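Please find below a colleague's note, set out as numbered points for a reader with the coordinates at hand.

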Amino acid sequence: MLKIDSGLAPADLRPALARFWKLSGEKIRLIEKHVDPARGAPVFTVNGQYTSRGWTEWTQGFQYGSSILQFDATGAREFLRIGRDNTVARMAPHVSHTGVHDHGFNNVSTYGNLRRLMREKRIPHNQSELDFYELALKVSGAVQAARWTTHARGGYIYSFNGPHSLFVDTVRSCRSLMLGHALGHNLSGEGDRRISLLERALAHLRSTAEFSVYYGAGRDTYDVNGRTAHECVFNVNDGAFRCPNSQQGYSGFTTWTRGLAWAMLGFAEELEFLATLPDAELKPFGGRKPIESFLLKAATATCDFYIANTPIDGVPYWDTGAPGLAHMGDYLDRPADPFNDHEPVDSSAAAIAAQGLLRLGRFLESRGQKRASARYWQAGLTTFRTLLGEPYLSTDKNHQGLLLHVVYHRPNGWDHVPADSKIPRGESAMWGDYHVRECALYVQRIIDGVPYYTFFG
């Protein structure tokens, strides 16, 4: 169980953050120098060198978004140039990509961050440039919303597996729809029917909360409060829910921890966004209280499960039901061990989860729930502190990754296993590097007392 340090303050992390951003910049330069864009977006490292893995190009936004975050944190304009120039030159196909559920990853990380920086006056205002970013975000939100399946009680953005498939990680692509709505856009259907992006985002969030998250209500034999299923499968003929499943986790009845982390962060940041909308905008979809209630229930359940099922330092193993854990004794009562012989940890899940814990804590503080707020906030800080040091922070000058001991697809065997190991370890992935940078920027801004970091700006 995560051992929460109740005395840890954001400012205590200032020296570690200074070191972090220095290393981060070095890694970005390494990738720019050595990774060939013609070979596809870098996905994960093998022996410290970034390589591609053809599934979809879902990590390209993390690559260029990382440079934008680096500029945001340090003010070094070389990283703004890398991020902005590559967004303009290479990200357009992602804006109109009808075949994926990853718009919130690729486009909010690039166009969204650039728009936010301009609105914050961190980069000079240029109306044509701002219009370009906003048009990209409008189109992205509408294209993502069009990837739609209706089920017996609502609907969802379906995954690249097909119309039957709801992925828990797609909760973070709701940001694309929310930004499009905030910009006054909608999806136009047959006969020019106007389809609300807000309505579709809320429906997807509700479906994820209802089917992907468990609440200990006896839904099946493995119904534990707060656990998540990576994939939920529906019968597209009658809209009926059929079963939980998993693509990257051990099974549909265990919890893939990166999917859990996506849910933690996705629900928390949507609570933050919806708090900015007037009640009148939410009334047609049930009203603020019911919407906030189901989002908060999902956010707190998943965060509670994470705290209870993660080792004391805040870094989880890749799946809470991974079979090798049975050989590891009381593994939750000691720090995670990425060098064990049985199951890998996934530090990228920790980077995503830490931000989710922090955002939920801050949201609850805004609602006057100080005790619960402090628990999640301190859990987030505790987890993030672990990632800022060894063995998770990559200090090897020749290693292109920033966050070590990340797992991509354990069932498919895609992760590199060193010759002296029985399990994957020591490698990085583009989403891990991006999200540890994003969490670092979040905490850095809290320390510096500058505007609070949100995807909507």
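1. W148 has a relative accessible area of 17% and is therefore classed as buried, since the cut-off for that class is under 20%. The model under discussion is a predicted one. W148 is placed in strand β3, which covers residues 148-151. Apart from neighbours within four places in sequence, the residues in contact with W148 are G155, Y156, I157, Y158, R200, A203 and H204. For one of these, R200, the separation along the chain is 52 residues, and the C-alpha atoms of W148 and R200 are 8.6 Å apart.

2. F241 belongs to strand β9, residues 241-245. Its relative accessible area of 24% makes F241 partly exposed. When neighbours within four places in sequence are set aside, F241 touches F211, R219, C232, V233 and F234. A further relation concerns H151: 90 residues separate F241 from H151 along the chain, while their C-alpha atoms are 7.8 Å from each other.

3. Turning to the overall architecture, the protein chain comprises 15 helices and nine strands. A compact globule of 457 residues would be expected to have a radius of gyration near 23 Å, and the 20 Å found for the protein chain agrees with this. The C-alpha trace extends over about 60 × 55 × 45 Å along its principal axes. Of the 457 residues, 61% are buried. Considering contacts between residues at least 6 apart in sequence, 70% join residues at least 24 apart.

4. As to surface and charge, the protein chain exposes about 17,000 Å², of which carbon and sulfur atoms supply 50%. There are 49 positive and 47 negative charges, and the mean positions of the two sets are 4 Å apart.

5. How many aromatic pairs does the structure hold? The number is 25. In the pair F160 and F167, the ring centres are 5.8 Å apart and the planes stand at 75 degrees, so the geometry is edge-to-face. The two partners belong to separate burial classes: F160, at 21% relative accessibility, counts as partly exposed, whereas F167, at 1%, counts as buried.

6. The rings of Y442 and Y452 likewise form a pair, with centres 5.3 Å apart and planes at 75 degrees, and this pair is therefore edge-to-face. Y442 lies in helix α15 (residues 430-448) and Y452 in the segment after α15, so the pair ties together parts that are ten residues apart in sequence. Y442 is buried at 1% relative accessibility; Y452 is also buried, with a relative accessible area of 19%. Elsewhere, ring pairs connect F44, W58, F62, F105, W262, Y408, W414, W431 and Y434 into a cluster.

7. Helix α15 also contains E438. Is this acidic side chain's residue, E438, buried or exposed? E438 counts as buried, because its relative accessibility is 1%. Beyond neighbours within four places in sequence, E438 is in contact with L69, R172, Q355 and Y453.

8. V450 is located in the segment after α15. With a relative accessible area of 40%, V450 is partly exposed. V450 and R172 are 278 residues apart in sequence, and their C-alpha atoms are 24 Å apart in space. R172 is one of the contacts of E438.

9. Backbone geometry calls for separate comment. Most residues other than glycine have a negative phi, and most peptide bonds are trans. The bond joining E390 and P391 is cis, with omega about 10 degrees. P391 is in the loop between α14 (370-387) and α15.

10. Two non-glycine residues with positive phi may be inspected together. N47 has a phi of about 55 degrees and sits in the loop between β1 (44-46) and β2 (49-51). With a relative accessible area of 57%, N47 is exposed. D192 has a phi near 60 degrees, and its place is the loop between β6 (187-188) and β7 (194-195). D192 counts as exposed, at 64% relative accessibility.

Terms used: Residues numbered from 1 in each chain as written. Predicted model: local features only at pLDDT ≥ 70, side-chain atom pairs only at ≥ 80, totals over all residues. Heavy atoms only, no water. Helix = DSSP H or I, 4+ residues; strand = E, 2+ residues; numbered from the N terminus. Rg over C-alpha atoms; globule rule 2.2 N^0.38 Å. Buried < 20%, exposed > 50% of the residue type's maximum accessible area, 1.4 Å probe, protein only. Contact = heavy atoms within 4.5 Å. Areas by Shrake-Rupley, 256 points an atom, 1.4 Å probe, with all protein chains shown as cover. Lys, Arg positive; Asp, Glu negative; His and termini not counted. Charge placed at Lys NZ, Arg CZ, Asp CG, Glu CD. Phe/Tyr/Trp six-rings, centres within 6.5 Å; stacked < 30°, edge-to-face > 60°.
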